[in-house]
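Please open the model in your viewer and keep the selection panel at hand. The tour begins with the whole chain and then moves to one chosen place.

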Amino acid sequence: MMPHYINATPDPSRIMALAALMRPECRLTILTGAGMSADSGIGTFRDTEDGYWSQFDPRDLATKSAFLAHPERVWSWYQWRREQIRNATPNRGHLNIVALGERLQSLTLVTQNVDGLHQMAGSDEVIELHGNIMRSKCHLSHQFIREQKWHPDVAYLPGPPPPSGHHPDGLARPDVVWFGESLSPNQIEQAIQASCHCDLFLSIGTSSVVEPAATLALLAKSHGACVAEINPQETPLSARCDLIIRAGASDTFDALMSTLDAD
Ligand code: APR
């Protein structure tokens, strides 16, 4: 189910204000969440999905204990999500972030998304706080699994998780950070550094409720950065933002790039 927008059209005066912050010397840090991929047809984490999986709360599936108790159910849910992503393409928001990076002194992209759409759009060196759903690893040894049989043309089918091949009892699991697991110290450190050393911090399409990502914007603010939010809905971060654009990511980036091009 697609999210409900409060305002679909970005306010022109706020787009002008955002464009004014995008000077070539600007060091920009962007944090994206599930709303970034909504325009690619991928449901946000807290949306209610239609169909079979609507009976489950994602927060009850994305845990190690759920995988151990119901490996086939959890693996099949991830296969279903992978199948959604296999059929998705980056949207104008993803593509315009790449174009924006070419205009600025530095752009660091941090994402909570596991779909890899930023990389597909052409962003490299993306800091993936929550991993990448298209990769798998052994649930016991955490070694990555080479999945040559998984090709973009091959559907992701439900079923039990295959053996990992790295440990006699090891099963394949997605390389994502489950609830209760720690983030990669390397990724979080890079995200903290990028937040402490930016002029503008842009929070896009995240409900800003999951730590430590939610804290990154406040860290940037405490180090003197301007904090802006692009989200059709209010979030706990909104009250702390210097600039808020209540619209979808794609529409906002279209308007922003047109304004920058007109300068
Ligand atoms: N453009 C921008 N924002 C949008 C759009 C859009 N087109 N559509 C929806 N949104 C906003 C919603 O208003 C909401 O605030 O995206 C946000 C999505 O919130 P969540 O589903 O909570 O996603 P996210 O913040 O990324 O969740 C963080 O929590 O459950 C974990 O690991 C999971 O990475 C996820 C993390």
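Contact here means heavy atoms within 4.5 Å. With that in mind, select the whole protein chain: among its contacts between residues at least 6 apart in sequence, 72% join residues at least 24 apart.

This is a predicted model, in which local features need pLDDT of at least 70 and side-chain atom pairs count only at pLDDT 80 or more, while totals for chains, interfaces and linings use all residues. Residues are numbered from 1 along each chain as its sequence is written, and side-chain values use heavy atoms, with hydrogens and water left out.

Next, colour by secondary structure, where helices (H or I, at least four residues) and strands (E, at least two) are DSSP runs numbered from the N terminus; the protein chain has 9 helices and 9 strands. If you turn the C-alpha trace along its principal axes, it spans about 60 × 35 × 35 Å. Of the 263 residues, 50% count as buried, a term for under 20% relative accessible area with a 1.4 Å probe and protein chains only.

Now select serine 238, which lies in the loop between β8 (226–230) and β9 (243–245). Is this serine 238 buried or exposed? Serine 238 counts as buried because its relative accessibility is 5%.

Finally, show the side chains of glutamate 229 and arginine 246 and look for polar contacts (pairs of N or O atoms within 3.5 Å, one able to donate a hydrogen and the other to accept it, with residues adjacent in sequence counting only if both atoms are side-chain atoms). The side chain of serine 238 makes one of 2.7 Å with that of glutamate 229 and one of 2.9 Å with that of arginine 246.
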